[in-house]
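Let's take a walk through a protein together, one piece at a time. Keep the picture open beside you and look up each residue as its name comes along.

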Amino acid sequence: MDRDRLQLYSLYVSRFAGGFGFSALAVLLPKYANALDASGIMLGLFYAGFTATQALVVVPLAWAGDRYDKRAIFLGLLAFGVVVSLAFTLVETSWQLVAVRGGQGILATGMGLLSLSLVGELATAETRANYIGKANSWRLAASLLGLAAAGVLYDRYGFEPVFYVLAVLFVVAFVAVLVLLDADDTRIEGFPFSNLALNGRILTLTSFRAQYAVAVTLVRSWVAVFAGVTAAQGGLAYSGTVLAVVLSAEKFTNMLFQPFTGRLSDTYGRSLFVAAGGAAYGFVALAVPFTPAIGSALGFPASLPLLGAASTAFVPLVAANGLLGIADSFREPASMALFADEGIDGEGIASSFGVRELVWRPGSVLAPVLGGYLMSQFGMEWAFYVGGAFALTGVATFLAVLVRSHGAQALTEW
């Protein structure tokens, strides 16, 4: 096996460790909400604590990644992942959970920026979206395992064992990167954000991404809330195992399709895939609140083999979440490759991904609080209506700016 492939595999393993942890929390946060008797606003803060720290650390971590050795910084983050994982076992209050989620936000941002930057540097322009799609597929495969493990372990043993497993995975990733990944010798002087912030293509992508952040954060978070919280709060009150199956649908379809859609976007135009995936995501999001009515109308069973009691909404909700995963598999590798393209030639690839993260942050910080407010004031279904609307307006804005500034041919040329 050649050296570059071994380096890529070490990065894939690190993506696996991160994906396991973040998906496990998707299952456990509704359970924390029930155990800590959290209000709708506090539930929103569980998500906002994660996204707020991400917003604060994007610029310094991206700058450091371009200025210094990405590998060394990455190793430090993996060690921090062990600390954060064990800290979750000590949570006893809602505010402690918000604080530890903040640490997880730092970890998520740093690992995402640096692992994708390193993958982007190891790939060529003609294969970049494909390799990024493969890296994301490892993360999504871990997400599936994390959902299943979190659901089963929680139902049998409670919260703590999930985080012991996560700590071990971060140790394995640390060793893999230490042994297999070469030191990074790229050094970018100055402050690359100042140039990249005015890049024409990045500004065009920003017109979509800033709005789409609200859509994905709302929909992805509130699918878990919708399925997991008690019926008294408007949810379906699924068990940990059933909730894990629901959330796995998006991860599974996204995992299967990303390498394929990434390769297609390398060939046929990445901007086209960003627009198509974003529009599909918006339409499917609007349908999620209707899954109970769809299940009742079609006569789906209220209990299932192995899983036990669920509801008639189970099959339609799994299908809708699977479609959300397919939609996002069109957008994600294409979008990441477009940002990498702008930073790879001496502009600062970590900073390019940093701009991508920074654009995402305002919407992702706002969305959980907005979701908690909508849930408390109007009903849970409004999180999906508003999320779907943001996805569709983001696509409309992106297409308008793209055609006006770069011409319709940019859909297939980028």
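**Charged pairs, helices and a core**

Let's begin with a pair of opposite charges: Glu-332 and Arg-139 form a salt bridge, with their closest N and O atoms 3.2 Å apart. Glu-332 belongs to helix α12 (residues 314–343) and Arg-139 to helix α5, so this pair ties together parts that are 193 residues apart in sequence. Are these two residues buried or exposed? Both Glu-332 and Arg-139 turn out to be buried. Before going on, keep in mind that this is a predicted model.

What lets such pairs form in the first place? Side chains of opposite charge can pair when their charged atoms come close. Searching the whole structure turns up 11 salt bridges, and a few of them are worth a visit. One is made by Glu-121 and Lys-70, whose closest N and O atoms are 3.1 Å apart. Here Glu-121 sits in helix α4 and Lys-70 in helix α3 (residues 70–87), so parts 51 residues apart in sequence are tied together. The two partners are covered to unlike degrees: Glu-121 is partly exposed, at 28% relative accessible area, whereas Lys-70 is buried, at 1%.

Now go back to helix α12 for a pair with a short way to go along the chain. The side chains of Asp-328 and Arg-331 meet in a salt bridge, 2.7 Å from N to O. Both residues lie in α12, 3 residues apart, which is about one turn of the helix. Asp-328 is buried, and Arg-331 is buried too. Charged residues can also join up in a group: Arg-128, Asp-266, Arg-270 and Asp-341 are linked in a network of salt bridges.

Next, take a look at helix α5 as a whole. It covers residues 128–157, 30 residues in total, and spans 42 Å from its first C-alpha to its last, close to the expected 44 Å. Just past the end of α5 comes Gly-158, with a positive phi of about 100 degrees.

Two residues along α5 make a nice contrast. Lys-134 lies in this helix, and Lys-134 counts as partly exposed because its relative accessible area is 33%. If you set aside neighbours within four places in sequence, Lys-134 is in contact with Tyr-12 and Pro-259. Lys-134 is also 8.4 Å from Met-255, C-alpha to C-alpha, although 121 residues separate them in sequence.

The other residue to find in α5 is Ala-150. Why does Ala-150 count as buried? Its relative accessibility is 0%, and buried means under 20%. Around Ala-150 you can find Ala-24, Val-27, Leu-28 and Val-162, all of which it touches, not counting residues up to four places away in sequence. Ala-150 and Ala-26 are 124 residues apart in sequence, yet 9.1 Å apart in space, C-alpha to C-alpha.

Helix α4 (residues 94–122), the home of Glu-121, comes next. With 29 residues, α4 reaches 42 Å from its first C-alpha to its last, close to the 42 Å expected. Much of α4 is hidden from view: 23 of its 29 residues are buried.

For another covered spot, find Gln-7 in helix α1 (residues 3–35). Gln-7 counts as buried because its relative accessibility is 6%. Apart from neighbours within four places in sequence, Gln-7 is in contact with Leu-122, Leu-180, Leu-181 and Asp-182.

So what about the nonpolar core? The largest one has 119 residues, and Tyr-32 and Tyr-238 touch the most other members. Which helix gives the most to this core? That is α8 (residues 200–228), with 16 residues. Zoom in on Tyr-32 and you can see that it touches Asp-37, Phe-88, Val-91, Leu-97, Phe-159 and Phe-163, leaving out residues up to four places away in sequence.

Let's finish on the outside. Ile-41, Tyr-373, Phe-378 and Trp-382 form a nonpolar patch on the surface, with about 430 Å² of accessible area together. Among them, Ile-41 lies in helix α2 (residues 40–67). Ile-41 is partly exposed, with a relative accessible area of 45%.

Methods. Residues numbered from 1 in each chain as written. Predicted model: local features only at pLDDT ≥ 70, side-chain atom pairs only at ≥ 80, totals over all residues. Heavy atoms only, no water. Helix = DSSP H or I, 4+ residues; strand = E, 2+ residues; numbered from the N terminus. Expected span 1.5 Å × (residues − 1). Core = buried A, V, L, I, M, F, W, Y, C linked by side-chain atoms within 4.5 Å. Buried < 20%, exposed > 50% of the residue type's maximum accessible area, 1.4 Å probe, protein only. Contact = heavy atoms within 4.5 Å. Patch = residues over 30% accessible without salt bridge, like charges linked within 9 Å, V, L, I, M, F, W, Y side chains within 5 Å. Areas by Shrake-Rupley, 256 points an atom, 1.4 Å probe, with all protein chains shown as cover. Salt bridge = Lys/Arg side-chain N within 4 Å of Asp/Glu carboxyl O.
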